[in-house]
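Here are my notes on the structure you sent over. I have kept them as numbered points, so you can follow along in your viewer.

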Amino acid sequence: MSTLTLTPTAVSTDVASDPLLDFRNVAMQFPNGTVALSGVDLTVKRGEFVTVVGPSGCGKSTLLRIASGLENASEGTATLATKRIGYVFQDATLLPWRTVQSNVELLAELNGQPKKARAAKARAAIDLVGLSGFEQNLPKELSGGMKMRTSLARSFTLDPELFLFDEPFGALDEITRERLGDELLRIFVEQQFAALFITHSVAEAVYLSTRVVVMSGRPGRIVDTFEVPFEHPRDPDLRFTPEFAKLCGQVSHALREGHS
Amino acid sequence: MTRTLEATTPKTVNPSRTVATSTSARLRNWGPPLVVFAAIIVVWYAAALYLESLGRTTVLPTPHRIVIDSFLPTDGGRPITTDLLRALWLSTEVALIGLAISIVIGIGWAVLMSQARWIERSLFPYAVFLQCVPILALVPLIGTTLGYSFESRILVCVLISLFPMVSNTLFGLQAVERSQRELFKLQGASRFTVLTKLQFPNAMPAIFAGMRISAGLAVVGAIVGDFFFRRGQPGLGILINNYASRVQTPELFAAIITAAILGVAIFLIFGLIGRLAVGRWYEPAS
């Protein structure tokens with residue numbers, strides 16, 4: 001395992017600390033009148049991996065865009081307690097003319113970090129996501145999974161305290177998706193960041209999270225919240241246990257209820 | 001913990017693979033057009049010989065007559081190669097200078113328009129206007145106001161070749177994915193940073209495509225300009241005009257072929273420059 005940690009590993013008592021992300025009664029109405037979110041209360045603390053599941057168009061992505069500051073909520077307050085945010089987009093959003101190394105360096109470069117420091121940071125992040133040896137490859141030479149790894153590595157270079165994931169594995173095949181989920185969990189256990197993860201896969205939500213939040217269809221409201229009791233690190237075979245299946249069933253049920 | 005990785009060994013792009021396939025690929029690419037070329041020559045000969053049998057020798061000379069009479073030095077007749085080469089050089093110079101100016105103005109114009117919606121709305125109609133106005137109609141006006149000098153020839157080239165640079169560059173600058181733009185926005189990147197690190201590299205393939213089209217148009221401009229600006233050193237257009245009026249048919253064909261070769265060469269060179277610049281990373285949507 002990589003011995004390098006990009007952020008100081010937090011002790012578990014930190015879990016009780018103040019939330020890094022705090023949504024109070026957040027609503028979002030777009031200028032065209034569409035109500036995307038209504039009355040959302042949500043907090044994410046360090047060491048929490050919160051997943052939001054909901055039908056398409058329920059405003060899950062809007063939730064992330066408000067959290068990141070890309071959009072402003074039309075009602076309520078969204079408070080961020082950190083500036084170190086990692087945003088992972090639905091697609092890998094790599095710049096095709098840059099190599100893996102240079103793509104991973106991009107954010108540090110935009111923040112004006114000196115060349116040497118950002119190169120070292122990028123190498124560590126590339127190692128963390130298991131892409132060592134591919135530093136000089138161009139995006140067009142990478143598979144979908146490797147592109148997403150590069151995108152993950154890029155977001156790690158800023159030592160984020162809070163990660164925002166917008167269905168990052170949605171475009172990948174199931175095997176790659178589960179593998180990347182395992183990798184992400186491994187890094188999560190190592191670094192204990194806070195994560196807000198959007199997905200429409202119930203199994204992915206339950207497997208990754210410490211808490212699953214179920215949203216209803218438009219306008220998006222939180223209809224139910226499930227604490228996920230499974231210990232970290234999680235075994236990939238957890239997916240095949242009855243307890244796991246049962247929790248997935250409950251989440252799916254809540255989804256259906258919220259949808260109707 | 002075991003780390004299962006889909007990729008554990010470095011993959012390098014094998015350059016020999018592209019070399020190995022290139023022979024058959026070259027045959028596939030060049031074979032069919034060469035066959036068509038051979039067919040054209042055959043038809044040409046047939047037509048030329050038929051016309052010759054009717055006694056109309058000046059209409060269509062046979063291909064070898066053009067080569068012998070025009071391109072090869074002979075004892076009897078005066079080879080026109082020297083005249084052709086001098087005219088070729090002048091026309092190339094005019095075309096390349098015109099193209100260079102078009103590239104600079106076109107990219108600058110597009111960058112300006114990409115900065116704000118209102119600038120684009122104010123300036124884009126004039127780019128379209130330039131494209132719609134028959135430049136040939138303007139040429140006499142250019143002649144009477146600016147004279148019939150070298151500069152006027154270049155101005156015609158610029159006017160003809162500017163639009164593809166403007167429209168292609170603008171398209172490339174604006175064709176940035178929303179998520180990529182937001183990636184930069186999340187880091188608080190300045191407008192200038194977004195332009196230089198995101199929009200401009202992203203526009204490179206479109207800019208080079210535009211450059212290739214403009215290069216072809218610049219050659220057209222250089223030759224067409226000659227028809228109007230007949231003072232000073234003769235370019236290819238003036239030669240073509242002279243040979244046509246003197247019914248020197250083989251020489252006329254030689255001049256036309258030289259002009260065609262110039263156009264094709266410039267087109268190919270700019271295609272090559274484009275591939276060298278962006279082919280490494282650019283994947284055209286197939």
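1. A:Gln192 counts as buried, because 22 C-beta neighbours fall inside 10 Å and the cut-off for a buried residue is 20 or more. Please bear in mind that this is a predicted model. The residue sits in the loop between α5 and β7 of chain A. Its phi is near 50 degrees, a positive value in a residue other than glycine. This backbone turn comes just after α5(A).

2. A:Glu167 makes a nice companion case. Phi of A:Glu167 is near 45 degrees, again positive in a residue other than glycine. You will find A:Glu167 in the loop between β6 and α5 of chain A. Is A:Glu167 buried or partly exposed? With 19 other C-beta atoms within 10 Å, A:Glu167 is partly exposed, because a buried residue needs 20 or more.

3. The helix between these two loops deserves a look of its own. Helix α5 of chain A covers residues 174-191, 18 residues in total. From first C-alpha to last, α5(A) reaches 25 Å, close to the 26 Å expected at 1.5 Å a residue. Its buried residues include A:Arg177, A:Arg179, A:Asp182, A:Glu183 and A:Arg186. A:Leu180, A:Leu184, A:Ile187 and A:Phe188 are also among the buried residues of α5(A).

4. What do the buried residues of α5(A) pack against? Their partners in chain A are the strands β3 (49-53) and β7 (194-199), together with the helices α3 (115-128), α4 (144-156) and α6 (202-208). One of these helices, α4(A), lies across β5 and β6 (162-166) of chain A and runs at about 165 degrees to β5(A).

5. Now to the sheet that holds several of those strands. Six strands of chain A form an open sheet with mixed pairing, in the order β5-β6-β7-β3-β8-β9. β5 (85-88) and β9 (222-227) of chain A stand at the edges with a single partner strand each, so one side of each has no neighbour in the sheet. From one strand to the next, the twist averages 15 degrees.

6. Two pairings in this sheet are worth checking in detail. β3(A) pairs with β8(A), residues 211-215, in the parallel sense over four bridges; the bridge partner of A:Thr51 in β8(A) is A:Val212. Four bridges also join β5(A) to β6(A), which run parallel, and there A:Val88 stands opposite A:Phe165 in β6(A).

7. The side chains of the edge strand β5(A) caught my eye as well. A:Ile85 and A:Tyr87 point one way from β5(A), while A:Gly86 and A:Val88 point the other way. Which of these residues are buried? All of them are.

8. Chain A has another sheet to compare with it. Three strands form an open, antiparallel sheet in the order β2-β1-β4 (chain A). Here β2 (35-44) and β4 (75-80) of chain A are the edge strands, each with a single partner, so one side of each is left without a neighbour in the sheet. Direction ignored, neighbouring strands of this sheet are turned by 20 degrees against each other on average. Five bridges join β1(A), residues 21-29, to β4(A) in the antiparallel sense, with A:Phe23 having A:Ala78 as its bridge partner.

9. One more backbone detail may be easy to miss. The peptide bond from A:His232 to A:Pro233 is cis, with omega near -10 degrees. A:Pro233 is found in the loop between β9 and α7 (242-259) of chain A.

10. For the overall picture, chain A has seven helices and nine strands. Its radius of gyration is 18 Å, which agrees with the value near 18 Å that a compact globule of 260 residues would have. The C-alpha atoms fill a box of roughly 50 × 45 × 40 Å along the principal axes. Of the 260 residues, 49% count as buried.

11. Finally, the records. UniProt lists "domain: ABC transporter" for residues 21-242 of chain A, in an unreviewed entry; that stretch is 33% helix and 25% strand. For chain B, the unreviewed UniProt annotation "domain: ABC transmembrane type-1" covers residues 88-274. Over that range chain B is 88% helix and 0% strand, with the end C-alpha atoms 24 Å apart.

Technical notes:
Residues numbered from 1 in each chain as written. Chains lettered and ligands numbered in written order. Predicted model: local features only at pLDDT ≥ 70, side-chain atom pairs only at ≥ 80, totals over all residues. UniProt positions renumbered as here; feature names shortened; annotations may be inferred. Expected span 1.5 Å × (residues − 1). Buried ≥ 20, exposed ≤ 12 C-beta atoms within 10 Å, placed from the backbone. Contact = placed C-beta atoms within 7 Å. Pairing = 2+ DSSP bridges. Axes fitted to C-alpha atoms, helices over the stretch in contact; angles between N-to-C directions. Rg over C-alpha atoms; globule rule 2.2 N^0.38 Å.
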